[in-house]
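Welcome! Here is a short guided tour for anyone meeting this structure for the first time. Take a moment to look it over before reading on.

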Amino acid sequence: MSIANLPCYIRYVNSKNDVKYFVALNQDTNIGSATILKLLKKFNSAEKIWKSNEKLFREYEIPEKITKVVLRMRQEIDPDQEMEKVVKLGFKVLSINDQE
């Protein structure tokens, strides 16, 4: 993720709970930052992207390739575990609502 894209992400990743789904979505190299931003614009939150079913992806006209990647990721990646890794490495992920 480039710094230039950060303000766009901040608009959509706006709660502590949403951050873990954003981190999880960034774990697959088949989905880049531009695709994640497009998904965020349609779904309005990383959590909604993560939890949506195939039918909703079709309603939002998300390409089948991207839909399959997200659905596969849900089977392979645990957002809570990804956040634990981030914390263990000493990183801090903030949402727009954080005071720090």
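The report below goes from the overall fold to the salt bridges and then to individual helices.

## The overall picture

Keep in mind from the start that this is a predicted model. The protein contains 7 helices and 0 strands, and reading along the sequence gives the pattern α-α-α-α-α-α-α. Of the 100 residues in the protein, 38% are buried.

How do the parts of the sequence come together? Among the contacts in the protein with a separation of 6 or more, 64% are between residues 24 or more positions apart. As for the outside, the accessible surface of the protein is about 6500 Å². Carbon and sulfur atoms account for 51% of that surface.

## Salt bridges across the sequence

Side chains of opposite charge can pair when their charged atoms come close. In this structure there are 7 salt bridges. One of them joins the side chains of D80 and K20, with 2.8 Å from N to O. D80 belongs to helix α7 (residues 79-88) and K20 to helix α2 (residues 16-25), so this pair ties together parts that are 60 residues apart in sequence. The two partners can be told apart by their surroundings: D80 is partly exposed, at a relative accessible area of 41%, whereas K20 is buried, at 15%.

Another salt bridge links D28 and R72, whose closest N and O atoms are 2.6 Å apart. D28 sits in the loop between α2 and α3 (33-43), while R72 is in helix α6 (residues 64-76), so the pair ties together parts that are 44 residues apart in sequence. Is D28 buried or exposed? With a relative accessibility of 9%, D28 counts as buried. R72, in turn, is partly exposed, with a relative accessible area of 30%.

## A pair within one helix

K85 and E82 also form a salt bridge, and their closest N and O atoms are 3.1 Å apart. These two residues are 3 apart in helix α7, a separation of about one helical turn. K85 is partly exposed, with a relative accessible area of 47%, but E82 is buried, with a relative accessible area of 9%. Returning to the earlier pair, D28 and R72 are joined with E76 into one network by salt bridges that share partners.

What does E82 touch, leaving aside its neighbours within four places in sequence? Its contacts are V23, A24, Q27 and I77.

## Helix α3

An α-helix has 3.6 residues a turn, so residues three or four places apart point the same way. With that in mind, look at helix α3, whose buried residues are I36, L37, L39, L40 and F43. They span an arc of only 160 degrees around the axis, which puts them on the same side of α3. After α3 comes N44, which has a positive phi, near 70 degrees.

## Helix α6

Helix α6 is made of 13 residues. From its first C-alpha to its last, α6 reaches 18 Å, close to the 18 Å expected at 1.5 Å a residue.

Which residues of α6 are buried? They are I66, T67, V69, V70 and M73. These residues cover an arc of only 160 degrees around the axis, which places them on the same side of α6. The face turned away from that buried side carries the exposed residues E64, K65, K68, Q75 and E76. E76 is thus on view here as an exposed residue of α6, and it also belongs to the salt-bridge network with D28 and R72.

## Helix α7

The last stop is α7, the helix that holds E82. Its buried residues are P79, E82, M83 and V86. Seen down the axis of α7, they fall within an arc of 100 degrees, so they line one face of the helix. On the other side of α7, the exposed residues are E84 and K88.

Both ends of this helix have something to look for. At its start, a side-chain oxygen of D78 comes to within 2.8 Å of the backbone nitrogen of D80. D80 is also the residue that meets K20 in a salt bridge. Following α7 is G90, whose phi is positive, near 90 degrees.

Key: Residues numbered from 1 in each chain as written. Predicted model: local features only at pLDDT ≥ 70, side-chain atom pairs only at ≥ 80, totals over all residues. Heavy atoms only, no water. Helix = DSSP H or I, 4+ residues; strand = E, 2+ residues; numbered from the N terminus. Buried < 20%, exposed > 50% of the residue type's maximum accessible area, 1.4 Å probe, protein only. Contact = heavy atoms within 4.5 Å. Areas by Shrake-Rupley, 256 points an atom, 1.4 Å probe, with all protein chains shown as cover. Salt bridge = Lys/Arg side-chain N within 4 Å of Asp/Glu carboxyl O. Arc of directions from axis to C-beta. Expected span 1.5 Å × (residues − 1). Polar contact = N/O pair within 3.5 Å; in protein donor to acceptor, adjacent residues only side chain to side chain.
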